[in-house]
Amino acid sequence: GFLVINENVLYERMKAAHELGYQIAIHAIGDKANRMIVNMYEKILNESPRPDHRHRIEHASMLTEDVINDMKKLGLIASCQPSFLNSEYTWLEKRLGKQRCKHVYPYKSLISAGVLVAAGSDCPVEDPNPILGLHALVTRNGFIPEECIPIEEALKFYTVNAAMASFQEHVRGSIEIGKMADLVILDKNPLKVPPNEIKNLRVLSTFIRGKRVYKADADS
């Protein structure tokens with residue numbers, strides 16, 4: 001990634017947005033970029049403390065341990081796109097080197113540190129199918145397998161955590177009375193299929209606000 005906005009200009013924009021009560025979301029890829037953004041968030045929050053700001057880092061790739069710990073301390077959210085692992089795992093080591101690869105999409109480390117992680121697709125760059133993202137989170141296609149996470153945690157990334165990351169936990173993210181009935185019915189229980197079969201899960205029906213908007217063909 002490249003710094004596309006002057007650092008001082010970016011900071012002033014962040015500060016203005018923060019002081020107006022907005023939630024900030026900044027795209028950052030690379031260990032230097034993430035360190036810089038976290039430092040800016042820390043300066044802003046020290047100057048103007050604000051509870052439950054839920055400021056985010058989009059992509060949040062290449063996170064070193066110190067950055068992860070500071071994200072937890074500052075209450076920052078990692079808004080990630082797990083499907084990147086499906087398209088990038090074959091060339092990441094060649095581009096970054098073996099040692100730096102351990103910092104790429106370190107989802108287990110983020111969970112262990114207590115950082116809230118929300119997942120999306122980055123469509124149209126990646127396939128919007130969240131099932132492929134679940135597959136990536138649980139298997140990582142063998143890339144840095146120590147950062148694989150259980151399917152239970154992976155599902156949270158796309159549901160309750162995603163709702164929290166957008167201040168919508170009161171209406172979305174879980175199946176509860178009073179919330180919008182946005183849900184899918186799958187052909188198999190994702191909690192019970194082997195990790196390498198998660199990508200084969202099929203959606204039988206999709207509901208939006210309780211209304212079925214998609215039904216799979218009987219012979220599909």
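Student: Why is His135 called buried?

Tutor: In this predicted model, His135 has a relative accessible area of 8%, and the word buried is used for values under 20%, so His135 earns the name.

Student: Where is the place of His135, and which residues does His135 touch?

Tutor: His135 belongs to helix α8, which covers residues 130–139. Leaving aside residues up to four places away in sequence, His135 touches Asn86, Arg140, Asn141, Pro195, Ile198 and Lys199.

Student: What makes α8 and α9 oblique to each other?

Tutor: Helix α8 and helix α9 (residues 151–158) pack at an angle of about 140°, and their axes lie 9 Å apart. An angle must be over 145 degrees to count as roughly antiparallel, while 65 to 115 counts as roughly perpendicular, and about 140° fits neither description, so the pair is called oblique. The crossing of α8 and α9 is also right-handed.

Student: Which residues of α8 and α9 meet?

Tutor: From α8 come Pro130, Gly133, Leu134, Leu137 and Val138, and from α9 come Ile151, Ala154, Leu155, Phe157 and Tyr158. The residues of this contact divide into 9 nonpolar, 1 polar and no charged, and since Gly counts as polar here, Gly133 is the polar one.

Student: What makes α1 and α2 oblique to each other?

Tutor: Helix α1 (residues 7–19) and helix α2 (residues 31–47) pack at an angle of about 45°, with 10 Å between their axes. Roughly parallel would need an angle under 35 degrees, and roughly perpendicular begins at 65, so about 45° leaves α1 and α2 oblique. In addition, α1 passes α2 in a right-handed crossing.

Student: How do the residues of the contact of α1 with α2 divide?

Tutor: They divide into 9 nonpolar, 1 polar and 4 charged. Among the residues that meet are Leu10, Tyr11 and Met14 in α1 and Met36, Ile37 and Met40 in α2.

Student: How do you know whether α2 is roughly parallel or oblique to α3?

Tutor: Helices α2 and α3 pack at an angle of about 25°, and their axes are 10 Å apart. That angle is under 35 degrees, so α2 is called roughly parallel to α3. The crossing of α2 and α3 is left-handed, and the residues of their contact divide into 6 nonpolar, 1 polar and 5 charged.

Student: Which are the buried residues of helix α3, and how do you know where they sit around the axis?

Tutor: In α3, which covers residues 65–74, the buried residues are Val67, Ile68, Asp70, Met71 and Leu74. They cover an arc of only 165° around the axis, and therefore they are on the same side of α3. These buried residues pack against α2, β2, β3 and α7, whereas the face of α3 turned away from the buried side carries the exposed residues Glu65 and Lys73.

Student: What is the phi of His59, and why is His59 called buried?

Tutor: His59 has a positive phi of about 80° although it is not a glycine, and the place of His59 is in strand β2. The relative accessible area of His59 is 8%, which is under the 20% cut-off, so His59 is buried. Asp52, in the loop between α2 and β2, likewise has a positive phi, of about 55°, without being a glycine.

Student: What kind of peptide bond joins Cys123 and Pro124?

Tutor: A cis peptide bond joins Cys123 and Pro124, with omega about 10°, and Pro124 lies in the loop between β4 and α8.

Methods:
Residues numbered from 1 in each chain as written. Predicted model: local features only at pLDDT ≥ 70, side-chain atom pairs only at ≥ 80, totals over all residues. Heavy atoms only, no water. Axes fitted to C-alpha atoms, helices over the stretch in contact; angles between N-to-C directions. Helix = DSSP H or I, 4+ residues; strand = E, 2+ residues; numbered from the N terminus. Left-handed = near helix turned anticlockwise from the far one by under 90°. Contact = heavy atoms within 4.5 Å. Buried < 20%, exposed > 50% of the residue type's maximum accessible area, 1.4 Å probe, protein only. Arc of directions from axis to C-beta.
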